[in-house]
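Please examine the structure shown below together with its sequence. The report then describes selected features in turn.

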Amino acid sequence: MAPKAAKKGDELQQKSPAEFFADNKNIAGFDNPGKCLYTTVRELVENALDSAESISRLPEITITIEEVSRARLNALRGVEHHDRIDEQLYQDWESEDAKRRRLVKEAKEQMRLVKVASKKGEAAAAAEGKAAEARKAKEGVARGTLFYKVTVKDNGSGMPHGDIPNMLGRVLSGTKYGVKQTRGKFGLGAKMALIWSKMTTGLPFTITSALQRQDFRSAYILDIDIHKNEPNVHKEARLPNPGGWHGTELSVTIEGNFAGAYKGYILRYLRQIAVITPYAQFSFRYVAEDPKASLDLAFKRRTDAMPPAPMVTKHHPSSVDLELVKRLVVATDKKNMVAFLSKEFDCITRDLAGRLVEEMRSGVQADTPPCKMTTQQVVRLHQLLHEARFSDPSGNHLSPAGEYNLRLGVMKELRPELIATHSGDVRVFEGHAFVVEAAVSVGGRNMKPGLNIYRFANRIPLLFEAGNDVITKTAAKRINWAAYKINHKADKVGVFVSIVSTKIPFKGAGKEYVGDDVDEMVAAVKAAIMSCGAKIARQQAAREHQLRKRNLTKYIPNTAAAIFAVLESMAAAPAKGPKRRRLQERHDVPALVQSGEVTEALLAARLAEHVERIDTDMALEYQVQQGLAAGAAKKEVYLAPATARTKYGPDLHTAACVVRLLQ
Ligand SMILES: Nc1ncnc2c1ncn2[C@@H]1O[C@H](COP(=O)(O)OP(=O)(O)OP(=O)(O)O)[C@@H](O)[C@H]1O
């Protein structure tokens, strides 16, 4: 019987990666126009930061979002703009009756808000602001300003002229696939912005880029052939670069939505990226068609101390899969197994490589060329790499933000009352080293009562999918905040956690959250937050202590005056009764008052001394309780003596610690 022809729709088809992502753009964080604008900004800013950091430049990044009306967009596309003839044909058409009803409803809402505002003040004013914004957004839709030109300029490495089309016009191509801590990973982000622009405005990317010390600027206008997943270059030029500029400027025009929540997300993203990269400078401009709605924001650099650039490292043997082993075997230039294992993998010395080859058997010798291994021998090698014990990766190739930068970022953007930071040790997950750093703050501006959680992965702020994220879940469910005297429902608590790794277990290509299913990560995040909590508790105790001292000190003048008045009256009148007489005989304070030896000032000075002594005793006792004796809170500081002969004095007592100088 002849085979049946396939039904229409059942024919075998193939898709290019670009087509796949165009059809499933939500996987990469391109869900709706608002989210697409946010993700476009994010992807371009992260490329800019990666690029500047890769050449150890303090990043200087300019971000511009410009409203493009439909009329202007049509002019850019060379499409004639037509005024509407038949209004009723359009989605935004409103009948006279519907318009009247809407205006009445809006007026009522306005009245209600004004009433609430007069009663409740700020909160209501904010609500009114939101309503006004929503109205403006509606007007925006009507005016047709739903298109935006996004431009991001950096002072980074730039891109080699010949590579630009592939880097920006071919999905799944990039320079960040190695084992290295980078924000980018998939070779997708910039291309998704381009695919979205193709799908909505049809306008291409405009790129200017120059490498360091390059005497020309590469200028390109290109888009992507989605069907073939190939760059489509419209224009290419090498322009003069007399000033020796280096970096990249990239523009794309897309459909988007900068109203309401999405404006909030973009601004929040910028604020958070400024927290985690205080060594970077960001200028943000929103250019609206109506100049009154434009915005100009600067997130200034607060430090020149940039963390050392992350380095490329080798694959850890326990992190490789069979396919990767096969690829490494084919790609290596090493001529024997010992050299191959010790040079291509992390944590394998020549000695260990020799032992592994002996253990492999299966006909493989130390001098076997890796490329001559049979499929079975490669399988055996892969098995052994997963069964043998290797030391953990050192983590030296990672670049955590550092406690200093994290603290500075939080202080600069949020100005909290209390802050504690912690940088965890290097830990390992599936052969990839990772470091978790955390800060916990109390109080500060823009903080709501309760937990305010800020998540960062490879110094990317994560704003979406909070409920599923390891950091949110750990902070909200696994920490006993009461143990640190923090009321996590009422206090304004900031929890900032930053994870850096050569492999962040993101869920999805949109890099929006880190899964809660990696035990190593859960434990490290929990330990980092708990350490900050303990430090906050110590700070709170020291603060209470200082407050008590301040209060006692405040009452000293009145107390001294009152006691002195009593003593003066005792001195004026002879002591009555045996008890008072005995007291007077023993101390004869009234006589001392009469002779002027005891004065009000002296009493005040003695009281002050007493308060000071109690305070230092309590500080010492407190430090001992906190584990000074056990060494937990003891810090060794090395001071160079000013002279060869140094005399060490007594212990120095302060409110929060005791300084003891030892030879
Ligand atoms: N501003 C820039 N400066 C220098 N190189 C850049 C810049 N933007 C993009 N590139 C290069 O283009 C490549 C592709 O960028 P793209 O945003 O598509 O993916 P990615 O950053 O590698 O990964 P991801 O999809 O995870 O963001 C990058 O790997 C980088 O080499």
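The text below treats the ligand and its surroundings, and then one pair of helices.

This is a predicted model, in which local features need pLDDT of at least 70 and side-chain atom pairs count only at pLDDT 80 or more, while totals for chains, interfaces and linings use all residues. Residues are numbered from 1 along each chain as its sequence is written, and side-chain values use heavy atoms, with hydrogens and water left out.

The ligand is surrounded by 22 residues, each having a heavy atom within 4 Å of it. The closest are Thr175, Lys185, Leu188, Lys191 and Lys511. By class, the shell comprises 5 nonpolar, 11 polar and 6 charged residues. Helix H2 (33-54) and helix H7 (189-200) each supply at least two residues of this shell; helices here are DSSP runs (H or I) of at least four residues, numbered from the N terminus.

The table lists polar contacts of the ligand, that is, pairs of N or O atoms within 3.5 Å.

| Ligand atom | Protein partner | Distance |
|---|---|---|
| nitrogen | serine 51, N or O atom in the side chain | 3.2 Å |
| nitrogen | aspartate 154, N or O atom in the side chain | 2.9 Å |
| oxygen | phenylalanine 186, polar backbone atom | 2.8 Å |

Taken alone, the ligand exposes 600 Å², of which the protein buries 96%; such areas come from the Shrake-Rupley method with a 1.4 Å probe.

Elsewhere, the axes of helix H14 (residues 470-477) and helix H15 (residues 519-572) come within 10 Å and cross at roughly 50°. Axes are lines fitted to C-alpha atoms over the stretch in contact, and angles run from 0 to 180 degrees between N-to-C directions. H14 is therefore oblique to H15, a class for angles that are not under 35 degrees, over 145 or from 65 to 115.

Methods
Polar contact = N/O pair within 3.5 Å; in protein donor to acceptor, adjacent residues only side chain to side chain. Nonpolar A, V, L, I, M, F, W, Y, C, P; charged D, E, K, R; others polar.
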